Each structure stands twice: as structure tokens, then as C-alpha cells.
Amino acid sequence: MRVAIIGGGYVGLVTGACLADLGHNIEIVEIDKKKVDAINSGTPYLFEEGLEALLHNHAGKDLMASSSYDAVAGADISMICVGTPPDASGQADLTFVREASKSIGKALRDATGNPCVVVKSTVPPGTTDGLVRDTVLAESRGGDILFGMNPEFLREGRAIHDFFHPDRIVIGGSEPELFERVANLYRKIDAPVIRTRPAEAELIKYVSNAFLATKISFSNEIGNICKKMGVDVYKVMEGVGLDKRVGREFLNAGVGFGGSCFPKDVMALIRFAERLGEDPTVLKSVMQVNDTQPRRIISLLEERIGTVHGKRIAILGLAFKDNTDDIRDSRAIPVIQMLLERGAAVSAYDPLAMPSMKKIFPMIHYGESPESVLMNADACLVMTEWPEFSRLDHEFDLMNQRVIIEGRRILTTSATEGICW
Ligand code: UDX
């Protein structure tokens with residue numbers, strides 16, 4: 001099938017490359033010329049395992065990019081993959097969705113057949129059948145256009161794997177032809193397909209992320225209790241997670257969740273509920289626990305070494321999780337901020353994320369290796385679960401004193417403690 005993907009960001013680029021690998025013809029519509037050139041030359045501009053190989057195999061052939069919407073008119077599906085960042089109140093900002101819908105509508109004025117517009121961006125329930133449909137039809141001056149919603153459940157760093165191994169494919173729509181056409185995109189993938197109304201598909205995305213975030217904050221709250229009791233929350237969650245109704249994943253207590261999705265989507269769902277006149281107390285507490293975990297690791301550090309003023313604190317890990325260079329809402333950000341406010345000298349290392357963190361904290365020291373930041377440090381905080389950190393052992397002997405606190409459970413060396421263990 002011919003698919004026009006609007007937006008060459010993380011979701012659009014990964015989706016386009018994977019759909020090309022499934023045998024479809026993809027044109028990514030991207031306003032950033034540098035990204036257009038990078039896609040057409042097969043050069044990835046974001047870190048995703050397997051993306052380089054996909055671009056190498058398909059770029060310039062069945063995966064192209066341009067800044068024009070020309071591909072929309074001849075596409076079997078036009079897929080909106082633009083960002084929906086939070087506005088000041090935490091609501092989803094739909095500016096890019098509106099712009100994309102306008103441009104798609106204009107491009108469909110002369111279209112033949114019955115074009116199909118599908119929203120993949122994470123949008124508040126009601127957006128596909130409301131803003132998108134109304135804007136496209138206003139610009140296209142009517143027409144027999146199908147509208148649908150097909151959320152993604154991709155994890156950063158494992159997005160290619162997740163695309164080809166989804167737990168389910170969700171299609172929101174109303175016309176049989178819409179369901180058939182979108183299902184056809186994924187016909188080579190073995191996964192249950194559920195058909196819903198657009199608003200249900202939009203909500204499935206938000207609720208999936210909100211529930212995973214809830215599991216994390218729940219584990220952190222139990223972890224904080226276990227810390228006071230002197231028992232290991234990981235042992236507790238191992239036993240709890242063996243219950244098939246619970247499941248062990250996303251029960252890892254630590255310094256909280258970051259990333260471009262969980263914080264944004266939970267807040268957007270809270271604001272959406274409030275607009276309906278609901279008071280989402282559980283969702284608000286998920287965010288409240290997440291906001292307090294960074295403060296907890298700082299308090300624990302001060303319990304161990306007293307004031308951090310004038311002391312050298314080593315931070316191992318800056319990315320919001322391992323296997324990515326993304327620092328959006330990383331829990332390392334509030335931790336570094338609090339250390340600087342308290343007059344500590346911060347020295348940080350991360351395998352991938354240092355260039356990004358330098359844009360936020362240019363004034364701290366960045367080391368080329370864990371050893372270089374551990375040298376003469378008065379304490380060490382582990383903030384990202386990078387597998388390479390599990391191999392560190394004698395390197396900690398370089399510290400002035402061996403005070404090591406994990407925000408993520410990753411070390412195997414002795415004499416460490418964790419925020420919740
Ligand atoms: C998430 C969802 O997993 C994915 O399905 C959705 O499409 C996008 O949002 P992502 O944000 O890439 O994916 O990362 P994820 O692997 O889910 O981790 C999110 C955060 O939660 C990270 O900061 C991670 O360190 C933290 N986390 C994860 C925990 O603190 N405990 C856990 O048990 C799991």
C-alpha cells in the first residue's frame with residue numbers, strides 16, 4: 001500500500017521504516033529539510049536499535065521523504081504521526097495535529113477514490129472524530145474520506161522490536177473499509193487486532209501508559225515502605241508479580257519514571273478527566289509519587305554524608321532509561337538541579353546522553369568514563385539502568401568514600417544501597 005506519513009519524528013520515522021519493511025511504499029512528509037535529506041540518504045538521526053539497517057535497505061527505494069504534501073493525494077492511507085507536547089497546563093497541545101490535518105485536507109481537494117486519514121499521534125479522546133475530521137473536511141471541501149485512529153505502543157530504544165512484535169493492534173474507526181485498509185497495513189504481523197470506535201482507541205493509548213505508570217508509582221510507594229522496614233522491595237515484587245493477574249513487568253521500584261510519554265500522557269489524561277468534571281485522584285497520586293522520588297534520593301544522600309555543599313557527587317546515568325540518548329523528563333534532571341542548589345560539585349557520565357544533558361546543565365563536569373567521575377567523589381548516585389554499570393566494581397575504590405546509592409537497581413558490586421532497598 002502507499003502510505004503518506006506526516007511527521008518524521010521518533011514515531012513517524014520508525015513507523016515508516018517498519019512499514020516499508022512490510023512491503024509498503026512510504027513517503028514521510030517532514031518540514032525539517034535536514035531530516036528529509038537524512039531519511040533519503042538512509043542516515044538515522046535518532047538512536048533506535050535496528051533503524052540503521054532498515055533505512056539502509058529501504059531509503060531511496062520504498063521509503064522516501066519530502067517536505068511537500070504531494071504524496072497525500074495518491075496515498076491509500078495518510079497517517080498523522082506528529083508530536084502532541086504538553087501545554088503549560090499539562091493538556092495535550094494539538095497545534096501540530098491541526099496543521100497536519102489542514103495540509104492533508106488541502107492536498108485531498110483533487111484526490112480521487114476514497115482517501116483514508118489515520119491518526120497515530122497520542123491525542124485526547126474525541127480528537128480524531130472532532131478536530132481531525134472537521135479540519136480535513138473543511139480544507140478538502142468535503143469528499144468521501146475515511147477517518148481512523150491507530151495508536152502505537154513503541155518503547156524508546158526497543159521501538160523496532162515492539163513494532164514487529166505488538167501485543168495487539170488497535171484500530172479505531174466506524175466504516176468497514178477503514179478497518180480493512182488499516183488492518184491490511186499489518187497483515188504480515190501476527191497479533192490480535194481489535195476494532196473500536198476512534199475515542200476508545202485514543203483512550204486505550206492513554207490508559208495503557210497511565211496504567212504502566214501506575215504500576216511504577218505503586219512499586220515506588222511500596223519500595224518507600226520497604227526501605228523503612230529494611231526489606232527488599234524487589235523480593236516483594238517478585239512474589240507479587242508471579243500472580244498472573246499482576247505480572248512482574250513495570251514493578252521495578254526506583255527513582256521514578258521519565259521519558260517523553262509517561263509524564264506527558266498521565267498529565268494529559270488528568271487534564272482530560274478534569275475537563276469532564278472528574279477528579280482523577282489515583283492518576284494525580286501517580287504523578288505525586290513520581291515527583292517525590294528524586295527528593296527522596298537527595299534526602300537519603302544527605303542522611304549518609306551530611307550536607308552535600310562543597311562535596312563532589314558522581315552521577316552515573318543521565319538518560320531517562322538505558323539504551324537511549326533521550327533525557328526528556330529524566331529523573332536525573334531534578335536530582336542534578338537539587339544538588340546544584342545545595343552547592344554540590346556534580347560530575348556526570350552517561351554512554352549516550354551527555355551531549356543532550358550539556359544543553360541543560362553546561363556548568364557541571366562530564367566524564368568520558370565512569371572512572372573519571374568516580375575519582376575522588378564523596379558519593380555516587382546511579383540514575384539510569386545502563387547494563388555496563390553492572391560490571392563496575394573496583395572502580396568505586398577511586399572514590400573518597402564508598403557511598404553509593406542506586407536510583408535504578410543495576411549494580412552487582414557490594415556495599416551499595418538503593419532509594420527503595
Ligand atoms: C513507554 C511505554 O512502555 C510504551 O508502550 C509507550 O508507547 C511509550 O511510553 P518508554 O517511555 O519508551 O515507553 O519507556 P519505558 O521502557 O516504558 O520506561 C518508562 C520509564 O519508566 C523509564 O524512566 C523507566 O526507567 C521507568 N521504569 C520502567 C521504572 O521506573 N520501573 C519499571 O518497572 C519500568
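Analyst: A residue is called buried if its relative accessible area is under 20%. Keep that cut-off in mind as we go through this model, which is predicted.

User: Okay, let's try it on a residue. Is I189 buried or exposed?

Analyst: I189 has a relative accessible area of 10%, so this residue is buried. You'll find I189 in the loop between α8 (176–185) and β8 (193–196).

User: And which residues does I189 touch, leaving out those up to four places away in sequence?

Analyst: With those left out, I189 touches L22, F163, F164, P166 and I169. Take L22: I189 and L22 are 167 residues apart in sequence, yet their C-alpha atoms are 8.6 Å apart in space.

User: Now helices. How do I describe two packed helices?

Analyst: Use two things: the angle between the axes and the distance between the axes. For α12 (residues 281–305) and α13 (residues 332–341), the axes come within 9 Å and cross at roughly 45°. That angle makes α12 oblique to α13. As for handedness, α12 passes α13 in a right-handed crossing.

User: Which residues of α12 and α13 meet there?

Analyst: From α12 you have P294, R295, I297, I298 and L301, and from α13 you have P334, V335, M338 and L339. Sorted by class, this contact has eight nonpolar, no polar and one charged residues.

User: What about α5 and α6, at what angle do they pack?

Analyst: The angle for α5 and α6 is about 35°, with the axes 7 Å apart. Their crossing is right-handed. On the α5 side the contact is made by V97, R98, S101, K102, I104, G105 and K106, and on the α6 side by L131, V132, T135, V136, E139 and S140. By class, that gives five nonpolar, four polar and four charged residues.

User: Which residues of α6 are buried?

Analyst: In helix α6 (residues 128–140), the buried ones are T128, G130, L131, V132, R133, T135, V136, E139 and S140. They pack against β4 (77–80), α5 (95–107), β5 (116–119), β6 (146–149) and α9 (198–229).

User: Let's talk about the core. Where do nonpolar side chains tend to be in soluble globular proteins?

Analyst: In such proteins, nonpolar side chains tend to be buried together. Here, the largest nonpolar core has 56 residues. Within this core, I315, L318, L339 and L381 have the most contacts.

User: L339 came up before, in α13. What does L339 touch, not counting residues up to four places away in sequence?

Analyst: On that count, L339 touches I298, L301, V308, I313, I315, A344, V346 and L381. You've already seen I298 and L301, which are among the α12 residues that meet α13.

User: Last topic: backbone angles. What phi does F250 have?

Analyst: Phi of F250 is near 65°, a positive value in a residue other than glycine. Look for F250 in the loop between α10 (233–241) and α11 (262–275). With a relative accessible area of 26%, F250 is partly exposed.

User: And what is phi for N376?

Analyst: For N376, phi is near 60°, again a positive value in a residue other than glycine. N376 is in the loop between α15 (370–374) and β12 (379–382). Its relative accessible area is 40%, so N376 counts as partly exposed.

User: Back to α6 for a second: what phi does R141 take, just after that helix?

Analyst: R141 has a positive phi of about 55°.

Note on methods:
Residues are numbered from 1 along each chain as its sequence is written. This is a predicted model: local features need pLDDT of at least 70, side-chain atom pairs count only at pLDDT 80 or more; totals for chains, interfaces and linings use all residues. Side-chain values use heavy atoms; hydrogens and water are left out. Axes are lines fitted to C-alpha atoms, for helices over the stretch in contact, and angles run from 0 to 180 degrees between N-to-C directions. Helices (H or I, at least four residues) and strands (E, at least two) are DSSP runs, numbered from the N terminus. Angles under 35 degrees count as roughly parallel, over 145 as roughly antiparallel, 65 to 115 as roughly perpendicular and the rest as oblique. A crossing is left-handed if the near helix is turned anticlockwise from the far one by less than a right angle, and right-handed if clockwise. Contact means heavy atoms within 4.5 Å. Ala, Val, Leu, Ile, Met, Phe, Trp, Tyr, Cys and Pro count as nonpolar, Asp, Glu, Lys and Arg as charged, and the others, Gly among them, as polar. A nonpolar core is a set of buried Ala, Val, Leu, Ile, Met, Phe, Trp, Tyr and Cys residues joined through side-chain atoms within 4.5 Å. Buried means under 20% relative accessible area, exposed over 50%, partly exposed in between (1.4 Å probe, protein chains only).
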